[in-house]
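Work through the exercises below with the sequence and the coordinates open. Each task is followed by its solution in steps.

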Amino acid sequence: QMDKLSPLPTIEYHISKALNKVGLVIESNQNDLSKIGWSRSSRTDKGVHAARVVLSGKLELDERRWLQPDGALPDLAAQLSKELPRDIKVMSVLKVNQGFRAREAGHWREYEYIMPLSVLTRAIDVPDSPHKCSSELPTTAETAISRLNDVLRLMEGSISFHNFHKLSPKALK
């Protein structure tokens, strides 16, 4: 496992093992991928799951064996997937420039949240709060969902979510 807080092996742990089995990462670097400039497009917290993540690192590979003229490495993606548990799959492998960092290269992220409707229609007592939520609670599911969507629309667009990238606010304009 690479995440010292997790009692279970992480996806990155499985990927590092697969990279070692295929011969792209030596065993001494397998448990410390920072040695190969490892970067991920995002991380997940406990209870949060990612459908897709972009990973990057400086791998030791024979370009004559793996690399196609367009920079793709489909045989490598297939070989890595064979070495992974069946619920983890490498979708594609591409050669990128030396300065590429997955986290910094992301221009957008898409999130999907699932919550019970009761969260939106139930009064919550917040101690010492000047607001009394119960009088403003939506009375129908449609109203609750509409109000939530109105609030979520405020989060759409090119907003500097500093936790997710290293772009300056000027770069977003």
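**Conventions**

R40 is partly exposed, at a relative accessible area of 30%; the classes are buried (under 20% relative accessible area), exposed (over 50%) and partly exposed in between, with a 1.4 Å probe and protein chains only. The model is predicted, so local features need pLDDT of at least 70 and side-chain atom pairs count only at pLDDT 80 or more, while totals for chains, interfaces and linings use all residues. Residues are numbered from 1 along each chain as its sequence is written, and side-chain values use heavy atoms, with hydrogens and water left out.

**Exercise 1. Find the salt-bridge partner of R40 and state what the pair connects.**

Step 1. Apply the criterion: a side-chain nitrogen of Lys or Arg within 4 Å of a carboxyl oxygen of Asp or Glu. The structure holds 5 such salt bridges.

Step 2. For R40 the partner is E12, with an N to O distance of 2.4 Å.

Step 3. Place both residues. E12 belongs to helix α1 (residues 11-22) and R40 to strand β1 (residues 39-40), so the bridge ties together parts that are 28 residues apart in sequence. Helices (H or I, at least four residues) and strands (E, at least two) are DSSP runs numbered from the N terminus.

Step 4. Check the accessibility of the partner. E12 has 17% relative accessibility and counts as buried.

**Exercise 2. Set out the salt bridges K21 to E83 and D150 to R153, with the location of each pair.**

Step 1. Between K21 and E83, the closest N and O atoms are 3.9 Å apart. This pair links distant parts of the chain, with K21 in helix α1 and E83 in helix α4 (residues 74-83), 62 residues apart.

Step 2. K21 is exposed at 52% relative accessible area, and E83 is partly exposed at 29%.

Step 3. Between D150 and R153 the N to O distance is 3.2 Å. Both residues sit in helix α7 (residues 141-153), 3 residues apart, which is about one turn of the helix.

Step 4. D150 is partly exposed at 46%, and R153 is partly exposed at 48%.

**Exercise 3. Describe helix α1: its span, its buried residues and what covers them.**

Step 1. Helix α1 has 12 residues and reaches 17 Å from its first C-alpha to its last. The expected span, 1.5 Å times one less than the number of residues, is 16 Å here, and the value found is close to it.

Step 2. The buried residues of α1 are E12, Y13, I15, S16, A18, L19 and V22.

Step 3. Their cover includes α2 (27-30), β1, β2 (55-56), α3 (63-66) and α4.

Step 4. Take S16, a residue of α1, as a single case. S16 is buried with a relative accessible area of 0%. A polar atom of the S16 side chain lies 2.8 Å from the backbone oxygen of Y13.

Step 5. Look just past the end of the helix: G23 takes a positive phi of about 90°.

**Exercise 4. Which residues of the largest nonpolar core touch the most other members?**

Step 1. Build the core as a set of buried Ala, Val, Leu, Ile, Met, Phe, Trp, Tyr and Cys residues joined through side-chain atoms within 4.5 Å.

Step 2. The largest such core has 18 residues, and L19, L76, L80 and V93 touch the most other members.

Step 3. Assign the members to elements. Two or more residues come from each of α1 and α4, and α1 gives the most, with 4 residues.

Step 4. Follow L76. Leaving out residues up to four places away in sequence, L76 touches V22, L24, L61, W66 and V93, where contact means heavy atoms within 4.5 Å.

**Exercise 5. Is N29 buried or exposed, and which residues does it touch?**

Step 1. N29 lies in helix α2.

Step 2. At 12% relative accessibility, N29 is buried.

Step 3. Not counting residues up to four places away in sequence, N29 touches K35 and I36.

**Exercise 6. Summarise the whole chain by its elements, burial, contacts and surface.**

Step 1. The chain has 8 helices and 2 strands, in the order α-α-β-β-α-α-α-α-α-α from the N terminus.

Step 2. Of its 173 residues, 23% count as buried.

Step 3. Among contacts between residues at least 6 apart in sequence, 41% join residues at least 24 apart.

Step 4. The accessible surface comes to about 13800 Å², with 53% belonging to carbon and sulfur atoms; the areas are from the Shrake-Rupley method with a 1.4 Å probe, and for residues only the protein chains shown count as cover.

How values were computed:
Polar contact = N/O pair within 3.5 Å; in protein donor to acceptor, adjacent residues only side chain to side chain.
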